Amino acid sequence: MRTSYKLKQDLEEIFRTSNSSDELFDAFRAAIEKKIHDEDLYKILLRNKALSADEISMFAEKICKEFPDLSYNIYFCVGQLFESISSYGKYLERAFLFYSKAANSKPSLNEPYLAIAKMYNFEFNIPKFETIIQVIEDAIARVDLKSPLCFSLANLYKKIGNNEKSIGYQKLGEIYQREGN
């Protein structure tokens with residue numbers, strides 16, 4: 001037990017401070033081989049600034065393959081990460097992809113869809129407006145809490161000047177809200 005705790009501490013230190021992709025990869029491999037099931041530890045790794053976007057994606061996929069029960073939180077975290085480091089829309093497509101993976105791992109939750117709606121960049125149309133709308137509209141049937149998605153759609157349509165659709169989704173959201181949905 002003591003060595004396991006020490007190993008986690010050592011891995012956390014490497015994940016937090018290392019600037020070497022090779023050292024990070026070796027530490028990650030050790031964590032996976034030892035079957036360390038610690039979402040917070042892996043989030044520290046994924047946020048390491050030395051990692052490229054491809055490395056972040058690769059590590060996230062491997063974590064989710066090894067520990068499927070962590071998929072939702074890891075995918076959502078990576079979506080947030082790509083959204084936060086995106087300048088000029090550079091990583092918004094990747095953020096969209098990981099938010100979508102989070103949504104697919106727990107289809108009844110609306111948070112990934114709300115994040116997708118919030119991150120949409122009107123200036124660059126990234127991801128494509130039609131894609132965002134389609135994903136959120138499709139999600140209304142699957143999620144437990146529907147009204148926030150309707151309000152997000154109303155807001156998106158309002159921003160592009162489609163008042164008819166905006167009003168329609170606002171009203172639908174209000175109906176769901178009254179029903180507790």
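These exercises walk through a predicted model of one protein chain.

**Exercise 1. The overall fold**

Task: State how many helices and strands the chain has, and give its extent and its share of buried residues.

Solution:
- Step 1. Count the elements. The chain has ten helices and zero strands.
- Step 2. Read them from the N terminus. The order is α-α-α-α-α-α-α-α-α-α.
- Step 3. Take the extent. The C-alpha trace spans about 60 × 35 × 20 Å along its principal axes.
- Step 4. Take the burial. Of the 181 residues in the chain, 45% are buried.
- Step 5. Look at contacts between residues at least 6 apart in sequence. Of these, 58% join residues at least 24 apart.

**Exercise 2. Helix 8**

Task: Find which residues of helix 8 are buried, and work out how they are arranged around its axis.

Solution:
- Step 1. Locate the helix. Helix 8 covers 129-140.
- Step 2. Check its length. Twelve residues at 1.5 Å a residue should span 16 Å. The end C-alpha atoms of helix 8 are 17 Å apart, which agrees.
- Step 3. List the buried residues. They are Phe 129, Ile 132, Ile 133, Ile 136, Ala 139 and Ile 140.
- Step 4. Look down the axis. The buried residues of helix 8 fall within an arc of 130 degrees, so they line one face of the helix.
- Step 5. Recall the general rule. An α-helix has 3.6 residues a turn, so residues three or four places apart point the same way.
- Step 6. Find the cover. Over the buried residues of helix 8 lie, among others, helix 6 (92-105), helix 7, helix 9 (147-159) and helix 10 (163-178).

**Exercise 3. The loop before helix 8**

Task: Describe the surroundings of Ile 126, and decide whether Ile 126 is buried or exposed.

Solution:
- Step 1. Place the residue. Ile 126 sits in the loop between helix 7 (111-119) and helix 8.
- Step 2. Apply the cut-off. Buried means under 20% relative accessible area. Ile 126 has 17%, so Ile 126 is buried.
- Step 3. Find its partners, leaving aside neighbours within four places in sequence. Ile 126 is in contact with Gly 89, Leu 92, Glu 93, Tyr 120 and Asn 121.
- Step 4. Turn to one partner. Asn 121 belongs to this loop between helix 7 and helix 8. With a relative accessible area of 18%, Asn 121 is buried. Beyond four places in sequence, Asn 121 touches Leu 92 and Ile 126.
- Step 5. Compare sequence with space. Ile 126 and Tyr 88 are 38 residues apart in sequence, and their C-alpha atoms are 9.5 Å apart.

**Exercise 4. Unusual backbone**

Task: Which residues have a positive phi without being a glycine, and which two residues does a cis peptide bond join?

Solution:
- Step 1. Start from the norm. Most residues other than glycine have a negative phi, and most peptide bonds are trans.
- Step 2. Take Lys 35. Its phi is positive, about 55 degrees. Lys 35 lies in the loop between helix 2 (21-33) and helix 3 (39-46). At 54% relative accessibility, Lys 35 counts as exposed.
- Step 3. Take Asn 125. Its phi is also positive, about 55 degrees. Asn 125 is in the loop between helix 7 and helix 8. At 25% relative accessibility, Asn 125 counts as partly exposed.
- Step 4. Find the cis bond. A cis peptide bond joins Ile 126 and Pro 127, with omega about -25 degrees. Pro 127 is in the loop between helix 7 and helix 8.

Notes:
Residues are numbered from 1 along each chain as its sequence is written. This is a predicted model: local features need pLDDT of at least 70, side-chain atom pairs count only at pLDDT 80 or more; totals for chains, interfaces and linings use all residues. Side-chain values use heavy atoms; hydrogens and water are left out. Helices (H or I, at least four residues) and strands (E, at least two) are DSSP runs, numbered from the N terminus. Buried means under 20% relative accessible area, exposed over 50%, partly exposed in between (1.4 Å probe, protein chains only). Contact means heavy atoms within 4.5 Å. The expected span of a helix is 1.5 Å times one less than its number of residues. The arc is that of the directions from the helix axis to the C-beta atoms.
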